[in-house]
Each structure stands twice: as C-alpha cells, then as structure tokens.
Amino acid sequence: MKVILCTHNSGGVGKTTLAVHLAGYLSEWGEVLLVDCDEQADSWKFFMEKEPGVPVDQGSARGIEVIANPERRSLKKLKVKPNQFDFIVIDIDTVLENTVQVILNAHPDLIFIPLNRSHMYKSIDNLASVLEMVGGIDGNPALPYSVVIVPLGIDKENIERELERIEYHSEQYLVADSMEDLSTTMDKVIYKDRKYIWDCVGLEHNKNYFKYLAFNTSC
Ligand SMILES: Nc1ncnc2c1ncn2[C@@H]1O[C@H](COP(=O)(O)OP(=O)(O)OP(=O)(O)O)[C@@H](O)[C@H]1O
Ligand SMILES: [Mg+2]
C-alpha cells in the first residue's frame with residue numbers, strides 16, 4: 001500500500017487536479033482508493049458526478065473506490081480496509097494535527113504540493129508554511145516520506161529560487177519538472193467535462209506526466 005497526499009494550505013492551486021489524475025493513472029496499475037477530505041468534494045464529484053451524502057459517502061467509478069470524508073473519520077471506523085488497496089490518494093488542504101495518521105493509521109509515502117499558474121504568487125508565497133506543515137507531520141526532521149513540489153504551468157526555476165530564498169534544505173524536497181500550461185483546459189476537463197486530460201484529443205501525451213509523478217519522483 002502506497003499512500004499519496006495531494007496537499008497545500010492555499011485554495012485553487014491544483015490539489016484536486018493532481019488527486020484525480022494520479023488516481024486515474026494508478027488505477028491502471030492496481031486497486032486505488034481516493035479519499036476526498038475537502039468539503040467542496042471536487043474529487044468525489046469528478047468521479048461520482050453528484051454531491052456526496054453527509055457526513056461520509058462511499059462509491060466507486062471508473063475502477064476507483066472514492067470516499068468523501070470531510071470530517072476525516074478513520075477508515076477503520078468506516079469499515080474500509082486500507083490494506084486491500086495498492087494506492088491510497090488523499091485530496092486534503094492540511095496535514096495538521098496528524099490528520100493523515102488519524103484517518104489511516106499510516107504515514108504517507110509521497111506528498112505532492114501543487115502550485116499553478118493562476119495562483120502562482122499566492123502559492124509560492126505560502127510555500128514556506130506548507131513545507132513547515134509537511135515537515136511537521138510527525139515532528140521528524142528527517143522526513144520519512146518524499147515531498148515533491150509540482151509546478152503546473154509555472155517554470156520550475158521560479159520555485160527553486162523561492163526555495164533558495166526561504167533557505168529550505170532543498171535536498172529534502174524535489175521540485176518536479178513542470179507540467180505544460182493548461183490553465184483553462186484543465187479547469188474545463190475537471191469541472192465541466194469530468195474527464196482525464198489525456199482523454200482529450202491532442203493532449204494524450206499528458207498521461208506521461210502523471211506516470212513521471214507517480215513512479216519517478218520518489219526521493
Ligand atoms: N497544468 C496546468 N497548468 C496551469 N494551470 C493548471 C494546470 N493544472 C491545473 N491548473 C489550474 O488549477 C486550477 C485549480 O485546480 P484545482 O481545482 O485542482 O485546485 P485545488 O487546490 O483542488 O482547489 P480547492 O482549494 O478549491 O480545492 C484549475 O482550474 C486549473 O486552471
Ligand atoms: Mg480541490
């Protein structure tokens with residue numbers, strides 16, 4: 001079981017974009033559970049095409065088990081067995097107070113922090129606090145997981161400069177290669193068409209980007 005977090009404390013920066021595409025890509029490789037911890041339930045709605053019931057809802061679509069879990073209830077109490085999945089992808093806006101351990105009773109293996117073009121300044125400005133939050137998942141200075149900053153339509157160099165400026169030990173973090181700038185298209189495919197970006201004519205090559213994120217970015 002590999003636990004993958006898509007997180008940032010800022011809104012609108014690409015958490016759901018990463019979560020739905022990683023879940024979709026990984027479903028070709030094994031059993032996937034997607035846990036949507038956001039009250040807006042955008043990842044849930046992408047797959048289930050309806051509002052979730054409250055307080056928790058479970059369903060499956062396109063070969064993926066999806067849970068809307070805004071209250072971050074433990075999977076054990078929901079009678080979900082994490083071990084039956086090869087990949088657990090979590091769409092979450094914070095990892096404070098050991099939320100992930102509470103939900104899962106397990107560490108994440110891989111943390112993706114997205115930054116997109118339309119919120120470039122806000123998301124870069126908040127990068128230090130996100131990295132602090134991620135570093136504080138269990139207070140362990142030698143991070144037991146890989147942290148990957150994902151530039152969506154932004155030059156990688158912008159982020160590397162900011163990491164230097166805030167004096168973060170960049171060897172603890174990887175800045176992934178940039179995904180091409182797809183601002184409007186991505187918005188439409190996720191929130192209107194509800195399909196994967198690689199299922200759009202002419203954009204099939206973007207599947208390779210998620211392959212790269214999933215399998216080639218772990219430190
Ligand atoms: N490759 C890309 N290039 C440029 N912009 C992108 C790219 N991928 C995603 N985005 C932009 O990011 C926007 C917000 O994405 P998303 O909804 O995934 O963010 P979020 O962090 O989940 O937001 P929220 O906090 O509301 O849950 C999308 O509407 C899209 O315009
Ligand atoms: Mg979201």
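Here are some notes on this predicted model, going from the overall fold down to single residues.

1. **The chain as a whole.** Start with the parts list: the protein chain has eight helices and eight strands. Its C-alpha trace spans about 45 × 45 × 30 Å along the principal axes. Is that what a compact globule would give? What we can compare is the radius of gyration: for 219 residues a compact globule would have a value near 17 Å, and this chain has 16 Å, so the two agree.

2. **Inside and long-range contacts.** Buried residues account for 42% of the 219 in the protein chain. Now look at contacts between residues at least 6 apart in sequence: 77% of them join residues at least 24 apart.

3. **The sheet.** In what order do the eight strands sit? Follow them across the open sheet and you get β3-β4-β2-β5-β1-β6-β7-β8, with mixed pairing. At the edges are β3 (57-61) and β8 (173-175), each of which pairs on one side only. From one strand to the next, the twist averages 20°.

4. **The β3 edge.** Strand β3 runs antiparallel to β4 (residues 64-68), and five bridges join them. Two of the pairs are easy to find: serine 60 faces glutamate 65 in β4, while alanine 61 has isoleucine 64 as its bridge partner. The two strands make a hairpin with two residues between them, and arginine 62 sits in the turn.

5. **Strand β6, well wrapped.** Why call β6 largely enclosed by the rest of the structure? Because seven of its seven residues are buried. Check the side chains too: Leu110, Phe112, Pro114 and Asn116 point one way, Ile111, Ile113 and Leu115 point the other way, and all are buried.

6. **Neighbours of β6.** With β1, strand β6 pairs in the parallel sense over three bridges, and leucine 5 stands opposite isoleucine 111 there. With β7, the pairing is also parallel, this time over seven bridges. Proline 114 is opposite valine 150 in that pair.

7. **Helices on the sheet.** Helix α1 lies across β1 (2-7), β2 (32-36), β4, β5 (87-92), β6 (110-116) and β7 (146-152), and runs at about 165° to β5. Helix α6 (residues 156-165) lies across β6, β7 and β8, at about 150° to β8.

8. **Around ligand 1.** Which residues come nearest to the ligand? Of the 21 residues around it, they are Gly11, Thr16, Thr17, Gly153 and Asp187. Two elements give two or more residues to this shell, α1 (15-26) and α7 (183-193). Sorted by character, the shell has five nonpolar, 10 polar and six charged residues.

9. **Lysine 2.** This residue lies in strand β1. Is lysine 2 buried or exposed? Neither, quite: it has 15 other C-beta atoms within 10 Å, so it counts as partly exposed. Leaving out residues up to four places away in sequence, lysine 2 touches Asp86, Phe87, Asp109 and Leu110. For a sense of distance, its C-alpha atom is 14 Å from that of tyrosine 25, which is 23 residues away along the chain.

10. **Backbone oddities worth a look.** As background, most residues other than glycine have a negative phi, and most peptide bonds are trans. Here, a cis peptide bond joins valine 54 and proline 55, with omega at about -5°. Proline 55 is in the loop between α2 (42-48) and β3.

11. **Two arginines with positive phi.** Arginine 62 is not a glycine, yet its phi is positive, about 50°. You'll find arginine 62 in the loop between β3 and β4, and it counts as partly exposed because it has 14 C-beta neighbours inside 10 Å. Arginine 194 also has a positive phi, near 50°. Its place is in the loop between α7 and α8 (207-216). Arginine 194 has 15 other C-beta atoms within 10 Å, so it is partly exposed.

Note on methods. Residues numbered from 1 in each chain as written. Chains lettered and ligands numbered in written order. Predicted model: local features only at pLDDT ≥ 70, side-chain atom pairs only at ≥ 80, totals over all residues. Near = placed C-beta within 6 Å. Helix = DSSP H or I, 4+ residues; strand = E, 2+ residues; numbered from the N terminus. Nonpolar A, V, L, I, M, F, W, Y, C, P; charged D, E, K, R; others polar. Pairing = 2+ DSSP bridges. Axes fitted to C-alpha atoms, helices over the stretch in contact; angles between N-to-C directions. Contact = placed C-beta atoms within 7 Å. Rg over C-alpha atoms; globule rule 2.2 N^0.38 Å. Buried ≥ 20, exposed ≤ 12 C-beta atoms within 10 Å, placed from the backbone.
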